[in-house]
Amino acid sequence: MSKDTVADMGLNRTGIKTSPIDSKDIVQEAQRAPPSSPGDAQGIHRVRQQYAREADGLGHVPPPSSLKGVAKTAAGLLKGQKSTVFIDKLGERLAFERTGVRLYEGALSKLEVYGSWEGGPSRELLTKILDDELSHFALMTETLQGLGADPTAMTPSADLSAVISQGVPAAIADARTNLRQCMEALLVAELTDNASWELLIDLARGLGHDTLADRFQLALDAEAEHLSLVKGWLAAGVATEARAPLESASVPAP
Amino acid sequence: MREQGAAAALLRRMGRAFPPPFKEHLVALDLFQEKGIPLERQVFTWKDLVRRPYSKLDDDAFTRTRVILMNGIEADALRMKHIFARLNRELRPHLALVRRAEHHQQTMVNWLNPPDQSPLETTLGFEQLAIEATASVAIHEPDPYLAQTYRFGMLEDFDHLYRYSALYDRVEGKDPNNLIQSYSDIRPGRPTSLEHRHPLDDVRTPYDHKTADPLSKLHAITITASEFQTHDYYMTVGPQFADPVARQLYAEIASIEEQHVTQYGSLCDPDESMLEKWLLHEAAEVYNYYSCLAYETNPHVKAVWQRFVDYELGHLHYVMELFKEMEQRDPAEVLPRTLPEPIAFKEHREFVRKVLAQEVDMRSNGPDYVARLPEGHRSSIYQAQLNSEGSPSETVAAGYHWRPGTELAAKAERMGSVQEGRRLQ
């Protein structure tokens, strides 16, 4: 089984056409047996709704970790602002950027094994993105500290974001995926990252944190570049594979 | 069948004989006076079993460890009863009756784990439990040899927390202290790579059931159950990881957990009768729920502990009756009149650091603890073989120091929020 390309033809048993005789038989049997209860998938929704009504949330944003934070929170409340929403989203970006560093470390590992392709990522550019993620993590740490919040806390949005994206590190760390497949995972991360920075900038401006918003804009500019690069690398990788179905798509790493 | 008829009759009789359930008067629970809730009134629904979970973010770390512990205790209750049922015709129906309630108890407890808690995060909870509960047991254990055994094992689980923390930090980019909540140290213990021993160096000398303090028996059952579940958990989730180092690390630490089950399981006297073992296990279940109840801070979870103290008292009295009828023995020969002080769900850093300083280099030679092993010892050969193609626990934590916000925090601090030489401002 080649790992250099992902769409080579081979034995795959998952489709119904793999077993024409057995499949015909099981299709007939499935239709013949009546369900044990009437209804449709709506029953599942009702159970979900019942639990949703009873559930607590994922958790809370911790109280400010300094007197400055307490003062800022109180001042925000007087202006009709709930500063914890901002802290929650800053915590989310911090966690995402920090995990992003580990994602690009994983991609660099794959680059060493598989090499790149024409129009694909170089060590230099992957390292640059990794450094950007690290600097964005630093930016979020500084911002949270400046607001009197604890940058080490896992906020509810940070937790949720990790649940949503848990497949991304898994796809990159899997020994069976090649660098081109890792690009698919990085694309998911970068798309989310771009949209999330946009949201954070709007939130910052809405709360009157214009200086912070300006700094975040620089981060977004970098993220937009990351997204463009990853999309390009992925497109080139897929195109390379499609052009050369019978041979390896890899070339040595630069 | 005659055996089923006897079980049904005992069930009916016990249902009539029970006074109101035990209420939370935690001082000196009298195992003979408090009869809990009779088995036949221990009923569940699916909705009841699947409840609101605790919060990974807001609840105390010890709530997580208690849920992990009680899942392990119930898993062991089932495991032991299934083995007994294979070996004893007369006990089978009685075992089936109690076991079904315990299966559902295990379900309710285990389903308190929240879905946003990843397997690695739960793993951190397993190791924190292993450190803090074993430390509490080691401190309170009256038998010096048994206490030594708990200290010996504790230093190994202590190291596992450090290795898994490095994995969490380096593979997922997250801070293990989000789960540990500053209760436990995150630093090396007895290095996992040095914990691999020949099976014969994990078999310990059991307590003597005729002379041992009942607390020693409850301790051995508790820690064996906890370690068994740790082993089973790692064996289940290990292959679900994508990262090859994670897959290797789970394989390595699961092997140590198998050693620990061998070690702690061998502390129990094999000359106890099945019914005596069953009776003690039920007492250990009461004791563990009672300990959880004493410390719980989440009211929803606390209600579960309260309910199951009563259920376990019901099981205990059911087995007391069997003990009297089938062995013609008085349960007071085996059980303490009142429960000992609860297991302490709190940090034991000072104790752990002291043990670490004094006993980290200790090894075991057969059942004995020694300062060093002789040259060419079977455990050294065994260990060298397993580590001969590399050590996952050393690889994952090479140069690793935990620090708040992950090890990347230091790097980020050095770098600052700059981009292409320009400060993000």
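**Exercise 1. A serine in a loop**

Does Ser182(B) count as buried or exposed, and how many C-beta neighbours does Ser182(B) have inside 10 Å?

*Solution.* Please keep in mind throughout that this is a predicted model.
- Step 1: place the residue. Ser182(B) sits in the loop that runs between α7 (177–180) and α8 (214–237) of chain B.
- Step 2: count the surroundings. There are 11 C-beta neighbours inside 10 Å, and a residue is exposed at 12 or fewer. Ser182(B) therefore counts as exposed.
- Step 3: look at the backbone. The phi of Ser182(B) is near 65°, a positive value in a residue other than glycine. Most residues other than glycine have a negative phi.

**Exercise 2. A threonine to set beside it**

Find where Thr406(B) lies, and work out whether Thr406(B) is buried or exposed.

*Solution.*
- Step 1: the loop between α14 (392–396) and α15 of chain B holds Thr406(B).
- Step 2: its phi is also positive, about 85°, although Thr406(B) is not a glycine.
- Step 3: Thr406(B) has 28 other C-beta atoms within 10 Å. The cut-off for a buried residue is 20 or more, so Thr406(B) is buried, whereas Ser182(B) is exposed.

**Exercise 3. The two sides of a helix**

Take helix α3 of chain A and say which of its residues are buried, and why they lie on the same side.

*Solution.*
- Step 1: set the frame. Helix α3(A) covers residues 67–78, which is 12 residues. From its first C-alpha to its last it reaches 17 Å, close to the 16 Å expected at 1.5 Å a residue.
- Step 2: list the buried residues, which are Gly69(A), Lys72(A) and Thr73(A).
- Step 3: check their directions. These three cover an arc of only 100° around the axis, which puts them on the same side of α3(A).
- Step 4: recall the geometry. An α-helix has 3.6 residues a turn, so residues three or four places apart point the same way.
- Step 5: turn to the other face. Leu67(A), Ala71(A), Ala74(A), Ala75(A) and Leu78(A) are exposed there, on the face turned away from the buried side of α3(A).
- Step 6: name a cover. Helix α4 (83–114) of chain A is included in what covers the buried residues of α3(A).
- Step 7: follow the chain onward. Just after α3(A), Gly80(A) takes a positive phi of about 75°.

For a companion case, try α3 of chain B, residues 61–87. This helix has 27 residues and spans 40 Å between its end C-alpha atoms, close to the expected 39 Å. It is mostly covered, with 19 of its 27 residues buried.

**Exercise 4. Two chains and the globule rule**

Which radius of gyration does each chain have, and what would a compact globule of that many residues have?

*Solution.*
- Step 1: chain B has 425 residues, for which a compact globule would be near 22 Å; chain B has 23 Å, which agrees.
- Step 2: chain A has 254 residues, for which the globule value is near 18 Å, but chain A has 24 Å.
- Step 3: add the extents along the principal axes. The C-alpha trace of chain B spans about 80 × 55 × 40 Å, and that of chain A fills a box of roughly 75 × 60 × 25 Å.
- Step 4: add burial. Buried residues make up 51% of chain B and 37% of chain A.
- Step 5: add the secondary structure. Chain B contains 15 helices and 4 strands, while chain A comes to 9 helices and 0 strands.

**Exercise 5. Where the chains meet**

Describe the contact between chains A and B, beginning with how many residues each chain contributes.

*Solution.*
- Step 1: the contact takes 32 residues from chain B and 34 residues from chain A.
- Step 2: on the chain B side, α6 (144–172), α15 (408–415) and β3 (418–419) each supply at least two residues. The largest share, 6 residues, comes from α15(B).
- Step 3: by class, that side of chain B has 11 nonpolar, 10 polar and 11 charged residues.
- Step 4: look at the largest nonpolar core, which has 154 residues. Those with the most contacts inside it include Ala107(A), Met154(B) and Ala283(B).
- Step 5: zoom in on one of these. Leaving aside residues up to four places away in sequence, Ala283(B) touches Leu31(B), Leu218(B), Leu316(B) and Leu335(B).

Terms used:
Residues are numbered from 1 along each chain as its sequence is written. Chains are lettered from A and ligands numbered from 1 in the order in which they are written. This is a predicted model: local features need pLDDT of at least 70, side-chain atom pairs count only at pLDDT 80 or more; totals for chains, interfaces and linings use all residues. Two residues are in contact if their C-beta atoms, placed from the backbone, lie within 7 Å. Ala, Val, Leu, Ile, Met, Phe, Trp, Tyr, Cys and Pro count as nonpolar, Asp, Glu, Lys and Arg as charged, and the others, Gly among them, as polar. The expected span of a helix is 1.5 Å times one less than its number of residues. The arc is that of the directions from the helix axis to the C-beta atoms. A nonpolar core is a set of buried Ala, Val, Leu, Ile, Met, Phe, Trp, Tyr and Cys residues joined through C-beta atoms within 7 Å. The radius of gyration is taken over C-alpha atoms; the globule rule is 2.2 Å times the number of residues to the power 0.38.
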